[in-house]
Each structure stands twice: as structure tokens, then as C-alpha cells.
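Subject: Handing over the structure

Dear colleague,

I am passing on the structure we spoke about, and I would be glad if you could look it over before reading my notes. The notes come after it.

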Amino acid sequence: MQSERFTPLVALELVSDTKEEAITWLLQRIRDKQRNGGAELLVEQLRPGLGVQEKQNPNLFLIGASLQRLLSGAEDLGLFKEFNDGSMRGFTCTNKQNFKDFQGDGDGFLSVAECQYIIKHELDTLRAKDESHVPGHTQAKLYPGKSIIRRLLSKGIMVQMFPLHQKEELKRLTFSWYKKVKLSLQPLGKIQCNYEGQALYFGFLEYFTFALIPMALIGVPYYLFDWDDYDKYVIFAVFNLIWCTVILELWKRFSATLAYRWGTLSRKKAFEEPRPGFHGVLGFNPVTGREEPLYPNAKRQLRVYCVSLPFVLLCLYGSLYVMMIYFQMEGWALSLHDEDPTFWTGVLLFIPSIIYAVVIEVLNLIYRYAAEFLTEWENHRLESSYQNHLILKVLVFNFFNCFASLFYIAFVMQDMVLLRQSLATLLITSQILNQFMEAFLPYWLQRRRNKKMMRRVTKMRTQEDKELPIEEQVRLEADMSTYLGTFDDYLELFLLFGYVSLFSCVYPLAAVLVLLNNITEVYSDAFKMCRVFKRPFSDPASNIGVWQLAFEAMSVIAVVTNCALIGMSPQVKAYFPESDMQLILWTVAIEHGLLAVKFILTFLIPDVPKPIQIQLAKLEFESLEALKKKVNTWGMFSVI
């Protein structure tokens, strides 16, 4: 029997031809008590929707949990919540009344995102016992101790599992997030309650946007006055170098503050299970003692260095070849303009850069699919390892593809006019394409894919006061596109940061353009999250991970680039009229000095603010004291 207060939080969809015995077995395992190896959750089958005349998949199930089950799950996961004294502590049921927002029986204490995260964790840890295969599906082998849900996904029995939107919460969030145009901060608290795993990205987007304001305010007068006086950009370049270092260090502090406030700074990462796509020869894991596929690390390294690495280098060569074609087109356009300088030949000067910008985006997209295929083929056991290898491949190619032509123009051709023109054209074109690809294209494709569903979306939008039946809401969300994570969003910000930090001393308006892009990005990303994609599961993070290293690496490259541009200025060259070698030595010395200052600033600015450091130290001290008391108590019992 289901609870009267059953609130559906997660939807689970099986393929339409799933055997009845498999469905019965899975639902029984989900409902079983924990002591019997079940998840002890509430589940019911979704009733047919309004469009019963259409063929609908009957195997859609709604999953929820009792309040007590959610609270015990929060304790098992070690969720951090605000204590009565204002500190963040790991939640325990025995101490629940001492947590700030815990009132009555605890209804409303956990956010919807946290409840869905708990349910997902319980389903993911639902493990096979003595079953040899999924009932009715002999090809879907099961191994004792292995995750049932991951096996169902990898064998194609389960279509998807996704968290459901809560209509009232979503309505309030959309109104405060993107439905009204305002010059204010994002509602990060509400975003975190709905999209816990993505909130840190939106925090970083907001922080980066505000950090661009000083660069934009200084860049505008530099652009408007004395544009051709290249020497005066030396000061702007120096400011650029300081700005790069300071904003990244201050972001670490701001990130730590957000993560502490949201209870993710001290949360321990769960033990990583093998990825669903991981395969190998069956063996025993020496850590867990469970039977699982094993794959030799030496074989994986051979695939990485003998196949993936040469492929990446080949792609870089292809990108270089395309770049040389672009320069040939640029030379052709310049020759036409020199022969007949008219308005139309002036317009023609921008055409090669626009075409090249479009080609860059197309190449990035094609390479992304190739990189995903290769990284999947490398057969990484853990999702974190898979993501790190994928990010490295994509970052290297995207950096080379987007910036190689600018480096060539700056340091080989030494044509600052062409550098400004190319940078402006590449930046503006890429921003327009990204906005189209990220917001408008997914929305349009979704409409093309399911016109019936989009009519229901329109009905929902025009009659928001009327509650959409749960059957229609679930089927509507099931047909929405799946959100693939913040990878592309961080990548876009990384490239924009590169445009600003590497060459903005030559084109000071770069910061202004990126600032405007980020403002529109806030609204387009908010629209995507609320209207285009399924709600994603939470993936709590204490920082932005490997992307922090990527941004810091870009800031180091920016030091070298800006020092080289300063050394090339006529004003600086005038100090070394007789020896180019002296100029190079002085430039390298200054560059090393600035790098030293950068690393000193990194050392001097703590990553975590002092008050948070004290709170974390207090928590660790209290945990150790509690452990000592527990050990002493057990010691007394053993003596007795």
C-alpha cells in the first residue's frame, strides 16, 4: 500500500516491451525494506494521459519516499545543514531538533533537489543479490553486489530516470530568474534548491560577469580615445595581468563561501562505482571484494598514447591547415580592396573572418563528437577519469582552433590592425552562434520532434493558473531533451576568458562584448534549464574542479602573451635601438617577474576565508572529541 502523502519526485521509464516479471521484480526490490536489500521507497505506475488515443509507453513509474526515509537517507549521505549556532554540520536523525530549519516532523527541511538526490542514491545502490539475470531477460546478466539500475541502463531495459519539476517552485523560480529583466544578482539560493549540481556554475557565471565590469570600464575609453596610439596599451596590458590573477583567487574564496553555505564544502564524496559503459573480463575488485569487470590499465594507456594522442595531433594539424586557407582568403580580400577601395570591398574584408569563425565552431562540434567516441573507447572505469580525459582533449583542440590564428597574426605577421579586426570578428560571430546553438536550436528541435507535446507546453504557458495533470506533466518532461551537464557552459566561459585575457590590450572592447554576452547568457541558460531540458539530478560539488586549473593555465599563458605584446610596442623598442637580444632578454625577465608576482599573490590570498576555516576546524575538533568519547565508552563496555 502506498502512503496517502505520496509525492512523486522521480520518474523511471522502462522500454515498452519489458517483461512483466522483470517489472514486478524491480518494483518489489524498490519497495522492499532496507534490511532485506531493498530501497524502501514508494513507487506507483503512471496512469494513461489525456491522449489515450495515441500509443503511450505504459512502463512509466513515479517514485517517492516517506519523510522518515528521506531523513535517514540524508544522514546516510552525510548532507550538511545549518545548525542552530549558524555552523554547517552533517545531519543526524538523533540530533535533528538542533538544526535551524527543522520544525515539527521535518516537512520542508530538505529541499526538493536534496530529496531527489537521496532517492537517486538509494536507487543507484540497489544491488543484485542471488539473481543470475533480470527476470524475463536472460541476456541481462546480474552479479552479486552490483548496481541493478546501472545494469538495466547498460542493457537498454531502462530508458531513463529523471527528477520531476515541482510546478509551484518552478513558477516562482522562473519569475525571479529570467521572466523579469533586472539589473541585480541571480537568485542563487532558489537556483541551488532546484538545481543543486548546477548552482555553482551559475555562481561562477555571475561572478565572472561582475569581474568583467572593471575591464569594460577601462576598455571603453581606451577604445574611444587614441585608438591608433598602440603604445598606451602597455598600461592596459599590465592591468589585465593583475586582473586575471586577482579574480581567479577571489573566485576561490567566493566559491568556498557558496559551497560552505550550501553544505557541499565538507561533504565527503561517495565511493565511485564503475561507469555503466565500462566493460572488461569478470574478476574481483580488491577494494570492495565484489565481482565486477576488470580492464588492464596498460591496455588503456596504449589506447590513449597510441591512438587518441596521434588523433588529437592529426586534428591540430587539420586545424592549422584550415587556418592557412583563412589567411589566403584574407590576402585575396585585401588585394581586391587595395585595387579598388570601395564600400563593398571594405565589407568583403570581414567576410574571411566571419567564414573562419563559423568553420571554427563547426570543427569544434565535429571534434567534440570524435573526442567523446575516443574517450568512451579508452574504457575508463570511473566517471571522473572519463570526464578528465574528455576535458583535456576538448580543451587542447578548442584552444588551438580558436586562438592559433590570433597568435600567428600577433607574433608572426605582427599586424595589429588585422589582429584587432580578426579578434572582433571571431568574438562577435562565435557569440552569435553560441547563443543560437545553446538556446534557440534545442527549443526549435524539440518543437520539430514532438509538435503534440509543444502544444501542451503552449497550453501550460498560456494557462499557468490551471494545474497540469501529473500524467501530462510527467510525459511532457519525459519527452524533453536531456541536460548533458555544465561541460559546454564552462568551455564557453573558458574561451571567452581567453579572448579577454590574451589580446584585450589590442582590442579593449573584448571585455565589453563578453560582458554583454554573459548578461544574455544568464537569461538563455535560465530559459534552457526551466523550459527546454529535463530537470537534472543534483551532483553536489565543492568547487568547479578541473576548470579552475584550466582558467589558471589560461591566466599564465596571458602573462606570456601580454608581455610579448608589450615588448613589440614601438615605445618599448625605442629603449633598445641597437640590440633585439637585449629587448628579448628584458621581456623574458619582466615576464618571469610578473609570473613570480602572480604566484606570490596566489600564495598570499587564502583559498578559504578565515571565518570558514575556523568553522571547519571547530567541526573537525568536535568530531574527534565525539569519536574519543565513543571509543572510551566501548572500551568501558568491553572491560565490563
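What follows describes some strands, a pair of helices and several contacts of aromatic rings.

Please keep in mind throughout that this is a predicted model.

I begin with strand β3, which covers residues 60–64. Five of its five residues are buried, so β3 is largely enclosed by the rest of the structure. The cover extends to both of its faces, since L60, L62 and G64 lie buried on one side, while F61 and I63 lie buried on the other.

Two strands that pair with β3 are worth following in turn. Strand β1 (residues 10–14) pairs with β3 in the antiparallel sense, over four bridges, and within this pairing A11 has L62 as its bridge partner, while V10 stands opposite I63. Strand β2 (residues 42–45) also pairs with β3 in the antiparallel sense over four bridges, and here V43 is the residue that stands opposite I63.

Strand β1 deserves a closer look for its own surroundings. Five of its five residues are buried, and the strand is mostly covered. From β1, the residues V10, L12 and L14 point one way, whereas A11 and E13 point the other way, and all of them are buried. Besides its pairing with β3, β1 pairs with strand β8 (residues 158–163), again in the antiparallel sense, over five bridges. In that pairing the bridge partner of V10 is P163 of β8, and V10 therefore has a counterpart in β8 as well as one in β3, namely I63.

Turning to the helices, helix α9 (residues 297–339) packs against helix α12 (residues 383–413) at an angle of about 30°, and their axes are 10 Å apart. That angle makes α9 roughly parallel to α12, because angles under 35 degrees count as such. The crossing of these two helices, α9 and α12, is right-handed.

The aromatic rings come next, and the structure holds 33 aromatic pairs. Among them is the pair of Y201 and F202, whose ring centres are 5.0 Å apart and whose planes stand at 65°, so that the pair is edge-to-face. Both Y201 and F202 are buried. Another of the pairs is Y207 with F254, where the centres are 5.9 Å apart and the planes are at 20°, which means that this pair is stacked. This second pair links distant parts of the chain, with Y207 in helix α7 (residues 199–224) and F254 in helix α8 (residues 233–261), 47 residues apart. Y207 counts as buried because its relative accessibility is 18%, whereas F254, at 26% relative accessibility, counts as partly exposed.

Finally, there are two places where a charged side chain sits over a ring. R303 lies over the face of W377, at 4.4 Å from the ring centre. The charged end of K534 sits over the ring of F162, at 5.9 Å from the centre of that ring.

With kind regards

Terms used. Residues are numbered from 1 along each chain as its sequence is written. This is a predicted model: local features need pLDDT of at least 70, side-chain atom pairs count only at pLDDT 80 or more; totals for chains, interfaces and linings use all residues. Side-chain values use heavy atoms; hydrogens and water are left out. Rings of Phe, Tyr and Trp (its six-membered ring) pair if their centres lie within 6.5 Å; planes under 30 degrees apart count as stacked, over 60 as edge-to-face and the rest as tilted. Buried means under 20% relative accessible area, exposed over 50%, partly exposed in between (1.4 Å probe, protein chains only). A charge sits over a ring if NZ of Lys or CZ of Arg is within 6 Å of the ring centre and within 35 degrees of the ring normal. Two strands pair if DSSP finds at least two bridges between them. Axes are lines fitted to C-alpha atoms, for helices over the stretch in contact, and angles run from 0 to 180 degrees between N-to-C directions. Angles under 35 degrees count as roughly parallel, over 145 as roughly antiparallel, 65 to 115 as roughly perpendicular and the rest as oblique. A crossing is left-handed if the near helix is turned anticlockwise from the far one by less than a right angle, and right-handed if clockwise.
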